[in-house]
Structures are given as structure tokens and as C-alpha cells.
Amino acid sequence: MALSLKSTVSRCAVRSTRAARVSRVNVRAAAVSADVPDMDKRNTMNLILLGGVGLPVGAMAVPFAVFFYPPSIAGGGGGTVAKDALGDSVTLTSWLKTHPTGDRNLTQGLKGDPTYLIVKDGEIEKYGLNAVCTHLGCVVPWVPSEKKFKCPCHGSQYNSEGKVVRGPAPLSLALAHIDINESDLVVFTTWTETDFRTGDAPWWK
């Protein structure tokens, strides 16, 4: 009788312990579930985070891109205004005041490439010369004493019009059209016609 009573008490105790454990697990699960945000809240927080990061990054990226993109002019096929060494727009009047006949000096031209303006008989020639060597891309200086463009990297030479006269450069310097607009600005546009120096189609198209 005593043994049966003890067995019954023991089984009741085990059941009570199991019930208590299950209850604690359910309570913990409910607590954890209550702390997890739903998908709408997550999406809202993600949008807030993305907006907070994207706005300042975009505000910095726009002026950065504008700084490096060469200025252009709308109308008449467009074009790129020449810039001097200080980044100022080049006008015909101001350029001729400081650059005499025979002068060849660099400006910023199409795609931001260094481009020579050539002064002849008191006027700017109707073409500019891209100063990038056609061998490996060095900037080619004008040597007045020899009346040539001579590359300091590998010795390529070009005549006064930019035609290659000595290798290893395989091609002449690229041409660009020059026009003067109604505001007296010097404007570059792409040269698409035959290269007058060689009689060939322009290789830079």
C-alpha cells in the first residue's frame, strides 16, 4: 500500500515538472515572437536607411560629375567650349591679345583632351590639334625652334599641322573643328570629314 502511494506521488511529480517546462517554453517563445518586427516594419526601416544614405551620396556625386564633364553648348550641332589653363572659357578676343601669330598653345578640348589652338596671320586656325600622341598617349609638346611637335616619351614627331613624320607613332594627331560663337567663345566640334593632311578618312571617329 505504501509502495503504491509513493509510485502515484512520483508520477504526479513528473507530470507536474513536464507541464511546468512546457509552460516556460511557451512563455519564452511568446516573448521572442513579440520582439521580432513584422515585414512592414522591416521594409520601412530599410527605406529610411536607404534614403538617409542615398541623399547625401547623390548630393556629392552630382557636382563631382559636372566638374569632370566638359561643358557643351546646345544648338547648331552642339560643341565644347575651349578652356584655358585656369579653367576659364577661351574667347577669340582675349586669346589673340596674348598669343601672337605662330603660337601653338594648349587648351582643354573635346572629351577633356589637351588640344592646341594655332594662331596664324592674327587669327585662330579653323582646326585644333589633339595633343595626345598616337603611340602610347603621352602629351606632345610644340618645339618652336624646330617647328615640330616632338613626343618626349618615345621620340615620335609631327609637323606643324600635326601630321606624323617620324615613328613609332602610327597616325597623325587627331583634328577638331574650331568655331567662334556669337559670344566670342572658341568652340570645338568633332572633325568628321577627310583629313586634309593625308587625304584619308579620320581615324579618330
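This tour moves from the whole chain to one strand and its two partners.

The model is predicted: local features require pLDDT of at least 70, side-chain atom pairs count only at pLDDT 80 or more, and totals for chains, interfaces and linings use all residues. Residues are numbered from 1 along each chain as its sequence is written, and side-chain values use heavy atoms, with hydrogens and water left out.

**Whole chain.** Select the chain and colour by secondary structure: three helices and eleven strands appear. Helices (H or I, at least four residues) and strands (E, at least two) are DSSP runs, numbered from the N terminus. Their order along the sequence is α-α-β-α-β-β-β-β-β-β-β-β-β-β. The chain has 205 residues, 27% of them buried, where buried means under 20% relative accessible area with a 1.4 Å probe, protein chains only. Of the contacts (heavy atoms within 4.5 Å) between residues at least 6 apart in sequence, 43% join residues at least 24 apart. A surface display covers about 13500 Å² of accessible area, 61% of it from carbon and sulfur atoms; the area comes from the Shrake-Rupley method with a 1.4 Å probe.

**Strand β5.** Next, select residues 127-130, which form β5. Y127 and L129 point one way, G128 and N130 the other, and all are buried.

**Partners of β5.** Add residues 114-120, strand β3, which runs antiparallel to β5 and is joined to β5 by two bridges. Strands pair if DSSP finds at least two bridges between them. Here Y116 stands opposite L129. Then add β10, residues 175-180, which pairs with β5 in the antiparallel sense over three bridges. Which residue of β10 does L129 stand opposite? That residue is L175.

Technical notes
Buried < 20%, exposed > 50% of the residue type's maximum accessible area, 1.4 Å probe, protein only.
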